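Student: Hey, can you walk me through this one? I've got it open and don't know where to start.

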Amino acid sequence: MIERYTLPEMGRVFSDAHKYELWCQVETLVMEAHAAAGTIPADSVEPVRQAPPPTPERVAEIEAVTQHDVIAFLTAWADNTEPREAAKWVHFGMTSSDLLDTALAAQLVEATDILLAKADALVAVLRDHALEHRRTLRVGRTHGIHGEPDVWGHRVADFAFGMARSRDRLRRAREAVGVMAISGPVGTYSNIDPAVEDYVAEKLGLRPADVSTQVVLRDGISEWVSALAVVATVCEAIALEVRHGQRTEVRELWEPFGKGQKGSSAMPHKKNPILSERICGMARIVRAQIVPVMEGIPLWHERDISHSSTERIALPDAAVATDYLLHLTTRLVSGLVVDAERMRHNLDSTNGLIYSSTVVSELIETGLSREDVYALVQAAAMRTWETGVAFRQTLREQAEKDGVELDEARLDEVCRPERFVRRLDRVFDRLQNLN
């Protein structure tokens, strides 16, 4: 991921320097297990443990010759080991994927923990914003057209629960991705005791794969990327709602707009929803990683490395972009400006058409057939659309024409926006307990 969208903590997780730190940690734990079993000299462990990880520059320099990243790493690290003789026991009985997959599992768990903390924060911000606006009336829209009265908090509550479910999926995916293997060439433990794998797994807080060939099957990593994509897409849903709400014709919502911020290089009046648009655009980046990563599940026989190049790009990009999306969406919701007066103005702007459904129900209760009631109400509604005359007036005139008597007092009671949202308290009661 480009630096523009990389936050420092997540950038550190996927840096080459940190990767080599993890590789050193895995190799050292393997040596500890071997030494405890008497497989290698016990005095070889401490010199290796004390050797500083090689720099990315030094590994790259050697890899330019070897064309093998693990061998380049091992050589560079051996150069840092005193006495160098101890380094010969590094990687004993292992194959490259033992190191790569185990360190990758640790890396993805680290990344997930950062994402989960930010998802928790976003859930809390959405919850609190929804509760704050549980009485803020607005019109609900279907197909982009005014439907019935609603409250803004109801819409945001949907996002809060959606993000909470997405976070919980990611938490489950953390278990799926925290799987390692140290099983040697083609995964038969031919040169390494399974007890070494168990020891390293326990120390790293990972789970040994139920079975591995020379690699861990990529179904768990695919699940993880898919979980990130859902998180990113819920962020996009939030941002899309804000984009629609900030349109000039709507003007119900506004992104935070800081002092000195500029909206357009040509039009000084512009306040564009740039945060929301950026969120929507970056969600595409996360979703785009699903198929390439999933295609790493089918490999040739016990292994090939067609998944490797994909994952070097897709996994950091997915994590970094999701991290940035969570950060940006939290910022968006925290600073969101809600124009309650404009919401009420828009709710009333169709001259009462939003009450058509409740009028239908009321007239059916008088004994008329649904077909006759629908025809009457639709005729009145279409005339309001065409002329701008208030719906209650066109309804009155159409009812008189059809010989239907209206209970005006009852219609006054049911054609109130508050009536439409009176049963939403149960939603907000559930929302208050959302963590």
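Tutor: Let's go through a few spots one by one, keeping in mind that this is a predicted model.

Student: Cool. Which residues of helix α5 are buried?

Tutor: In helix α5, residues 69-79, the buried ones are Asp-69, Val-70, Ala-72, Phe-73, Ala-76, Trp-77 and Ala-78.

Student: And what covers them?

Tutor: The cover over the buried residues of α5 includes α2 (16-37), α3 (45-50), α4 (56-66), α6 (96-132) and α12 (306-334).

Student: Is there a general idea behind a pattern like that?

Tutor: Here's one to keep in mind: an α-helix has 3.6 residues a turn, so residues three or four places apart point the same way.

Student: What about Ile-71, is it buried or exposed?

Tutor: Ile-71 sits in helix α5 too. Its relative accessible area is 41%, so it counts as partly exposed.

Student: How far is Ile-71 from Ile-114?

Tutor: Those two are 43 residues apart in sequence, and their C-alpha atoms are 31 Å apart in space.

Student: Switching topic: how many salt bridges are there?

Tutor: The structure has 36 salt bridges. One of them pairs Arg-58 with Asp-79, with the closest N and O atoms 3.3 Å apart. That pair links distant parts of the chain, since Arg-58 is in helix α4 and Asp-79 is in helix α5, 21 residues apart.

Student: Which residue does Asp-79 meet besides that?

Tutor: Asp-79 also meets Arg-84 in a salt bridge, at 2.8 Å from N to O. Asp-79 is partly exposed at 36% relative accessible area, and Arg-84 is partly exposed at 45%.

Student: Which residues make up a salt-bridge network?

Tutor: Arg-138, Arg-141, Arg-155, Asp-158, Glu-241 and Glu-252 are linked in one.

Student: Okay, backbone stuff. Where is there a cis peptide bond?

Tutor: A cis bond joins Glu-82 and Pro-83, with omega at about -5°. Pro-83 is in the loop between α5 and α6.

Student: How does that compare with what people usually expect?

Tutor: Most residues other than glycine have a negative phi, and most peptide bonds are trans.

Student: Which residues here have a positive phi without being glycine?

Tutor: Arg-251 is one of them, with phi near 55°, and His-301 is another, at about 50°. Arg-251 is in the loop between α9 (219-245) and β5 (253-254), while His-301 is in the loop between α11 (290-294) and α12.

Student: Is His-301 buried or exposed?

Tutor: His-301 is exposed, because its relative accessibility is 71% and the cut-off for exposed is over 50%. Arg-251 comes out as partly exposed, at 32%.

Student: How many disulfides are there?

Tutor: Zero. As for cysteines, Cys-24 is buried at 7% relative accessible area, and Cys-415 is buried at 13%.

Student: What touches Cys-415?

Tutor: Arg-392 does, and Arg-392 also touches Glu-408, Leu-411 and Asp-412. You'll find Arg-392 in helix α16, residues 391-402. Its side chain makes polar contacts with the side chains of Glu-408 at 2.7 Å and Asp-412 at 3.0 Å.

Student: Last one: which residues make a nonpolar surface patch?

Tutor: Met-1, Ile-2 and Ile-285 make one of about 240 Å². Ile-285 belongs to helix α10, residues 274-287, and is partly exposed, with a relative accessible area of 36%.

Technical notes
Residues are numbered from 1 along each chain as its sequence is written. This is a predicted model: local features need pLDDT of at least 70, side-chain atom pairs count only at pLDDT 80 or more; totals for chains, interfaces and linings use all residues. Side-chain values use heavy atoms; hydrogens and water are left out. A disulfide is a pair of cysteine sulfur atoms within 2.5 Å. Buried means under 20% relative accessible area, exposed over 50%, partly exposed in between (1.4 Å probe, protein chains only). Helices (H or I, at least four residues) and strands (E, at least two) are DSSP runs, numbered from the N terminus. A polar contact is a pair of N or O atoms within 3.5 Å; within protein, one must be able to donate a hydrogen and the other to accept it, and residues adjacent in sequence count only if both atoms are side-chain atoms. Contact means heavy atoms within 4.5 Å. Patches are made of residues with over 30% relative accessible area and no salt bridge: like charges are joined within 9 Å, nonpolar side chains (Val, Leu, Ile, Met, Phe, Trp, Tyr) within 5 Å. Accessible areas come from the Shrake-Rupley method with a 1.4 Å probe; for residues, only the protein chains shown count as cover. A salt bridge is a side-chain nitrogen of Lys or Arg within 4 Å of a carboxyl oxygen of Asp or Glu.
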